[in-house]
Amino acid sequence: MTTTQADTLVIGGGLAGIVTALELLRAGQSVTLVDRDQPERFGGLALWAFGGMALVGTPLQAKMKIADSPSGRWPTGSALASSTRR
């Protein structure tokens, strides 16, 4: 058995647990986050809810000088682009 010491223990690797852990880390706390599921399912239901999202052209990308734009993501001839235009 491994012993770990932290200021805060966050139980649950879902969206709420991840956000809580990040906020605590930003506040200078040491954090241990535990989850009952397998590592590849980390994120809980948020993995399903946000798994299909693609954020492009965000302020953070611009700040980090990451060139990205919606027009570069989905060519006009793609099935997705043509099915969303009505």
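This section walks through the fold, the surface and the charged pairs of the model shown above. The model is a predicted one, and every value below was computed from its atoms.

The overall layout is a good place to start. The secondary structure of the chain consists of 5 helices and 2 strands. Followed along the sequence, these elements give the pattern β-α-β-α-α-α-α. The opening part of that pattern forms a recognizable motif: strand 1, helix 1 (residues 15-26) and strand 2 build a right-handed β-α-β unit. Within this unit, strand 1 (residues 8-11) and strand 2 (residues 31-34) run parallel and are joined by 4 bridges. For readers who like to follow the pairing residue by residue, Thr8 has Val31 of strand 2 as its bridge partner.

Some totals for the chain help to set the scene. The chain has 86 residues, and 13% of them count as buried. Its accessible surface amounts to about 7,200 Å², with carbon and sulfur atoms supplying 60% of that area. Among contacts in the chain with a separation of 6 or more, 27% are between residues 24 or more positions apart.

The strands also contribute to a surface feature. A nonpolar patch is formed by Leu9, Ile11 and Val34, whose accessible area together is about 310 Å². Val34 belongs to strand 2. With a relative accessible area of 38%, Val34 is partly exposed, and it can therefore join such a patch, for which over 30% is required. As background, side chains in a regular strand alternate between the two faces of the sheet.

Turning to charged residues, the structure contains 2 salt bridges. Side chains of opposite charge can pair when their charged atoms come close. In one of these pairs, the side chains of Arg26 and Glu23 meet at 3.0 Å, taken from N to O. Arg26 and Glu23 are 3 residues apart in helix 1, so about one helical turn separates them. The two partners differ in how much of them is accessible: Arg26 is exposed, with a relative accessible area of 65%, whereas Glu23 is partly exposed at 44%.

The other pair links Arg41 and Asp37, whose side chains form a salt bridge with an N to O distance of 2.9 Å. Here both partners fall into the partly exposed class, with a relative accessibility of 33% for Arg41 and 34% for Asp37. Asp37 sits in the loop between strand 2 and helix 2 (45-50). A further spatial relation involves the backbone of Asp37: its C-alpha atom is 9.0 Å from that of Gly12, although the two residues are 25 positions apart along the chain.

One backbone angle further along the chain is also worth a look. Lys65 has a phi near 60°, which is a positive value in a residue other than glycine. Lys65 is placed in the loop between helix 3 (59-63) and helix 4 (70-73). At a relative accessibility of 75%, Lys65 counts as exposed, because this value is over the 50% cut-off for that class.

Note on methods: Residues are numbered from 1 along each chain as its sequence is written. This is a predicted model: local features need pLDDT of at least 70, side-chain atom pairs count only at pLDDT 80 or more; totals for chains, interfaces and linings use all residues. Side-chain values use heavy atoms; hydrogens and water are left out. Two strands pair if DSSP finds at least two bridges between them. A crossover is right-handed if, with the strands pointing away from the viewer, the path from the first strand over the helix to the second runs clockwise. Buried means under 20% relative accessible area, exposed over 50%, partly exposed in between (1.4 Å probe, protein chains only). Contact means heavy atoms within 4.5 Å. Accessible areas come from the Shrake-Rupley method with a 1.4 Å probe; for residues, only the protein chains shown count as cover. Patches are made of residues with over 30% relative accessible area and no salt bridge: like charges are joined within 9 Å, nonpolar side chains (Val, Leu, Ile, Met, Phe, Trp, Tyr) within 5 Å. A salt bridge is a side-chain nitrogen of Lys or Arg within 4 Å of a carboxyl oxygen of Asp or Glu.
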